[in-house]
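Q: Could you take a close look at one part for me, the open space in this protein and what surrounds it? I'd like one connected walk-through rather than a list.

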Amino acid sequence: METAYPVLEPSPTPRVRDVCALAIMTKAPRAGAVKTRLVPPLTHSEAAALSICFLRDTASNIAGVASVEAAEGIAVYTPSGAERAFDNLLSEGFSLVVQRGESFGERLYHAAEDLLALGYESLCLIDSDSPTLPRSVLVEAVRALARPGDRVVLGPSDDGGYYLIGLKRAHRRLFEEITWSTDRVLDETVERAAEIGLEVSMLPSWYDVDDGASLARLCGELFPEDTVDAARKGLAGYEAAHTRRFLGQLMDAEGRRRIWPTEGAPTEAAV
């Protein structure tokens with residue numbers, strides 16, 4: 001099948017790539033299959049459109065990192081056969097790698113395994129739910145993995161998970177006995193790293209957009225009425241132009257309250 005981006009498959013003699021793979025873990029953006037926890041306040045078609053915006057913004061952010069660091073952009077996608085669903089959604093220079101495995105932990109482990117088998121020196125698996133993740137954080141991850149010695153790099157999410165895991169070797173134990181989709185994911189991953197004597201490098205925390213409350217928080221960041229959240233983080237979020245434009249169009253057409261019901265930017269209690 002002809003696609004807009006090369007589909008990479010591990011081979012016995014991989015091309016050596018002395019760069020870090022910045023890999024977005026993503027699903028084909030189809031209505032009813034992605035961002036379903038955002039329905040309501042969004043419709044299924046709006047949630048799929050927002051997913052496309054998230055993917056475009058994350059890919060653009062990664063492309064900016066790759067222009068100044070030893071890194072390449074990858075989309076690790078599911079389901080197999082959905083390659084054309086990503087046409088024109090990624091930045092120039094991106095490639096595709098299909099996900100393998102049944103559980104989420106298996107998919108993460110096999111993604112790491114496959115990217116290393118493709119010849120990448122290191123890798124970061126990045127979620128597709130954090131369109132405003134600061135570029136400086138991605139740069140920090142790439143540079144942490146470039147230092148001598150083995151380690152795991154973790155980007156903590158405010159919900160107790162992680163938005164990024166960076167590796168130089170595919171350590172299966174990091175993905176075993178993890179209670180996925182709970183607030184224990186990060187802590188349990190750190191515990192697994194300690195079990196195998198693996199150094200942990202921690203990045204600044206950020207947030208995922210996966211429900212109505214976090215969508216409101218995203219609106220507060222993209223359409224600020226004060227700077228409370230930016231001041232709390234001490235980081236400038238990525239501009240996420242595609243996401244900003246789409247959400248702005250929704251609010252212009254139907255009013256802000258349908259997707260952002262608060263009367264002001266999110267308070268500390270809300271974040």
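A: Let's start with the walls of the largest pocket: strand E1 (17–27), helix H2 (104–117), strand E4 (120–126) and strand E6 (162–167) each supply at least two residues of its lining. Keep in mind that this is a predicted model. Of the contributors, E6 gives the largest share of the lining, four residues. Altogether 34 residues line this pocket, and its volume comes to about 1,000 Å³. If you want a handle on the middle, the lining residues nearest the pocket's centre are Phe104, Asp127, Asp129, Ser181 and Asp210. As for chemistry, the lining is a mix: 14 nonpolar, nine polar and 11 charged residues.

Asp127 is a handy link to the closed space, as this residue also appears in the lining of the largest cavity. The other residues lining that cavity are Thr58, Asn61, Ile126, Ser130, Pro131, Leu133 and Leu138. The cavity has a volume of about 40 Å³, and the structure holds one cavity of 30 Å³ or more. Sorted by type, its lining has four nonpolar residues, three polar ones and one charged.

Thr58 and Asn61, both in that cavity lining, fall in helix H1 (residues 44–66), so let's follow that helix to its packing against H7 (residues 241–254). The two axes come within 7 Å and cross at roughly 150°. With the cut-off for roughly antiparallel set at over 145 degrees, H1 and H7 are therefore roughly antiparallel to each other. On the H1 side, the contact uses Glu46, Ala49, Leu50, Cys53, Phe54, Arg56 and Asp57. Facing them from H7 are Ala241, His242, Thr243, Phe246, Leu247, Leu250 and Glu254. Counting both sides, that makes eight nonpolar, two polar and four charged residues.

One last stop, on a strand this time: Ser201 lies in E7 (residues 199–202). Its relative accessibility is 11%, so Ser201 counts as buried, the cut-off being under 20%. What does Ser201 contact, leaving aside its neighbours within four places in sequence? Those partners are Arg147, Arg151, Val152, Val153 and Leu154.

Definitions and conventions:
Residues are numbered from 1 along each chain as its sequence is written. This is a predicted model: local features need pLDDT of at least 70, side-chain atom pairs count only at pLDDT 80 or more; totals for chains, interfaces and linings use all residues. Side-chain values use heavy atoms; hydrogens and water are left out. Axes are lines fitted to C-alpha atoms, for helices over the stretch in contact, and angles run from 0 to 180 degrees between N-to-C directions. Angles under 35 degrees count as roughly parallel, over 145 as roughly antiparallel, 65 to 115 as roughly perpendicular and the rest as oblique. Contact means heavy atoms within 4.5 Å. Ala, Val, Leu, Ile, Met, Phe, Trp, Tyr, Cys and Pro count as nonpolar, Asp, Glu, Lys and Arg as charged, and the others, Gly among them, as polar. On a 1 Å grid over the protein atoms alone, a cavity is a set of points where a 1.4 Å probe fits but cannot get out, and a pocket is an open set with protein on both sides within 12 Å along at least five of seven lines; lining residues have an atom within 4 Å of a point. Grid points are joined across faces, edges and corners, and a volume is the space filled by probe spheres set on the points. Buried means under 20% relative accessible area, exposed over 50%, partly exposed in between (1.4 Å probe, protein chains only).
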